[in-house]
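User: I would like to go through this entry with you. Could you bring up the sequence and the structure?

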Amino acid sequence: MARLKKGDTVAVLSGKDRGKRGKILRVMPDEGSALVEQLNLVTCFERRTRTDQQSGVIRREAPMPLDRLALVCPRCSKPTRVGFQVEGNEKRRVCKQCRETL
Ligand SMILES: [Zn+2]
């Protein structure tokens, strides 16, 4: 089970976006990275290929390493470490600070 998944709100622990929060758009487990909405933006220059297309500068999310992200608990709204709890056949994620199931 993944520590982080799509739709989670995460906080950035280091780098230029340190302290910012965003929602995970996509997780790439093979690369150990994730795309986070409006974070780690890179500037791309796109050439106009059709006349109705916008040309010029585009800001887009670049993948960030998962170890630079911490899940923000929806209950205590703090960046937290994720713990796992096994109940019967189910493995659940829990907030290590308030024990809320995530
Ligand atoms: Zn919590």
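User: Is E87 buried, partly exposed or exposed, and what is its relative accessible area?

Analyst: This is a predicted model. In it, E87 has a relative accessible area of 43% and is partly exposed, because buried requires a value under 20% and exposed a value over 50%.

User: Which side chain meets E87 in a salt bridge?

Analyst: The partner is R92, with a distance of 3.1 Å from N to O. R92 counts as partly exposed, its relative accessibility being 24%.

User: Which residues are joined into one network there?

Analyst: The network consists of E87, E90 and R92, joined by salt bridges that share partners.

User: How many salt bridges does the count come to?

Analyst: The count comes to 5 salt bridges. One of them is formed by R93 and D8, whose closest N and O atoms are 2.9 Å apart. R93 belongs to strand β10 (residues 90–95), while D8 is in the segment before β1 (9–12), so this pair ties together parts 85 residues apart in sequence.

User: Are R93 and D8 buried or exposed?

Analyst: Both R93 and D8 are buried.

User: What about E100, which side chain does it meet in a salt bridge?

Analyst: E100 meets R75, at 2.9 Å from N to O. The pair ties together parts 25 residues apart in sequence, because E100 lies in the segment after β10 and R75 in the loop between β7 (69–72) and β8 (79–80). E100 is partly exposed at 28% relative accessibility, whereas R75 is exposed, with a relative accessible area of 54%.

User: Let us turn to the metal. Which residues coordinate the zinc ion?

Analyst: Coordination is through the SG atoms of C73, C76, C95 and C98, at 2.2 to 2.4 Å. Along the sequence, these donor residues follow the spacing C-x2-C-x18-C-x2-C. As for solvent exposure, C73 is buried, with a relative accessible area of 1%.

User: Why is the arrangement around the zinc ion tetrahedral?

Analyst: The 4 donor atoms subtend angles of 103 to 118 degrees. The arrangement is therefore tetrahedral, since the criterion asks for all angles to lie between 85 and 135 degrees.

User: Now the sheet. What is the strand order?

Analyst: The open sheet has 6 strands in the order β6-β3-β2-β1-β7-β8, and the pairing is antiparallel.

User: Which strands stand at the edges?

Analyst: Those are β6 (64–65) and β8. Each has a single partner strand, so one side of each is left without a neighbour in the sheet.

User: How many bridges pair β3 and β6?

Analyst: Strand β3 (residues 33–36) pairs with β6 over 2 bridges, in the antiparallel sense. Within this region, A34 stands opposite M64 in β6.

User: On to the rings: how many aromatic pairs does the count come to?

Analyst: The count comes to 0 aromatic pairs. There is, however, a charge over a ring: the charged end of K91 sits over the ring of F84, at 4.7 Å from its centre.

User: Last topic. Where does L102 lie, and how many Å separate its C-alpha atom from that of A2?

Analyst: L102 lies in the segment after β10. Its C-alpha atom is separated by 12 Å from that of A2, although the two residues are 100 residues apart along the chain. With 23% relative accessibility, L102 counts as partly exposed.

Technical notes
Residues numbered from 1 in each chain as written. Predicted model: local features only at pLDDT ≥ 70, side-chain atom pairs only at ≥ 80, totals over all residues. Heavy atoms only, no water. Phe/Tyr/Trp six-rings, centres within 6.5 Å; stacked < 30°, edge-to-face > 60°. Lys NZ or Arg CZ within 6 Å of the ring centre and 35° of its normal. Salt bridge = Lys/Arg side-chain N within 4 Å of Asp/Glu carboxyl O. Helix = DSSP H or I, 4+ residues; strand = E, 2+ residues; numbered from the N terminus. Buried < 20%, exposed > 50% of the residue type's maximum accessible area, 1.4 Å probe, protein only. Donors = N, O, S within 2.8 Å, 3.2 Å for Na, K, Ca; no water. Tetrahedral: all angles 85-135°; square planar, octahedral: opposite > 155°, others 65-115°. Pairing = 2+ DSSP bridges.
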